[in-house]
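Okay, thanks for coming, everyone. I'd like to spend a few minutes on the salt bridges in this one, and then zoom out to the whole chain. Let me put it on the screen.

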Amino acid sequence: MKAIILSAFLILSVMIFSPAMATELSGTVYSKGAPVANLTIAVKGSDTKTKTGPKGEYKLDLAPGDYTLIIRGKEFPIKVASAPTRHDIQL
């Protein structure tokens with residue numbers, strides 16, 4: 001009986017405390033065909049943000065849904081699927 005209660009507790013704990021099924025959004029930011037390093041990418045309406053790497057690449061963990069990324073004051077609508085999503089951005 002203790003094993004059943006412990007198993008139920010562990011399963012519920014994983015369901016309650018796991019992130020809301022975040023998936024990875026990644027891509028590269030380009031300007032005039034060249035990757036742009038060290039740009040801040042913010043998710044509109046949230047505190048989530050990241051910076052592009054030396055080759056212009058970025059990665060964010062987001063739940064599936066529609067978002068707007070803000071880069072250099074420009075807005076880019078993005079749809080994140082339930083599987084890892086790649087979206088390159090041309091400024």
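Let's start with Lys 44 and Glu 75: their side chains meet in a salt bridge, 3.0 Å from N to O. By salt bridge I mean a side-chain nitrogen of Lys or Arg within 4 Å of a carboxyl oxygen of Asp or Glu. This pair links distant parts of the chain, with the two positions 31 residues apart. Lys 44 sits in the loop between β3 (40–43) and β4 (49–51), while Glu 75 belongs to strand β7, residues 74–80.

Before I go on, the ground rules. This is a predicted model, where local features need pLDDT of at least 70 and side-chain atom pairs count only at pLDDT 80 or more, whereas totals for chains, interfaces and linings use all residues. Numbering runs from 1 along each chain as its sequence is written, and side-chain values use heavy atoms, with hydrogens and water left out.

So, are these two buried or exposed? Neither, really: Lys 44 counts as partly exposed because its relative accessibility is 46%, and Glu 75 gets that label at 45%. The cut-offs are under 20% relative accessible area for buried, over 50% for exposed, and partly exposed in between, with a 1.4 Å probe and protein chains only.

How many salt bridges are there in total? The count comes to 3. Another one joins Asp 66 and Lys 79, at 3.6 Å from N to O. Asp 66 lies in strand β6 (residues 65–71) and Lys 79 in β7, so this bridge ties together parts 13 residues apart in sequence. Both Asp 66 and Lys 79 are exposed.

Then there's Asp 88 with Arg 86, where the closest N and O atoms are 3.1 Å apart. Asp 88 is partly exposed at 38%, and Arg 86 is exposed at 52%.

Okay, zooming out. The protein has 1 helix and 9 strands, taken as DSSP runs: H or I over at least four residues for helices, E over at least two for strands, numbered from the N terminus. Along the sequence, the helix comes ahead of the strands.

Of the 91 residues, 27% count as buried. As for contacts, meaning heavy atoms within 4.5 Å, look at those with a separation of 6 or more: residues 24 or more positions apart account for 52% of them.

Last bit, the surface: about 6300 Å² is accessible, and 63% of that belongs to carbon and sulfur atoms. That's Shrake-Rupley with a 1.4 Å probe. Okay, over to you.
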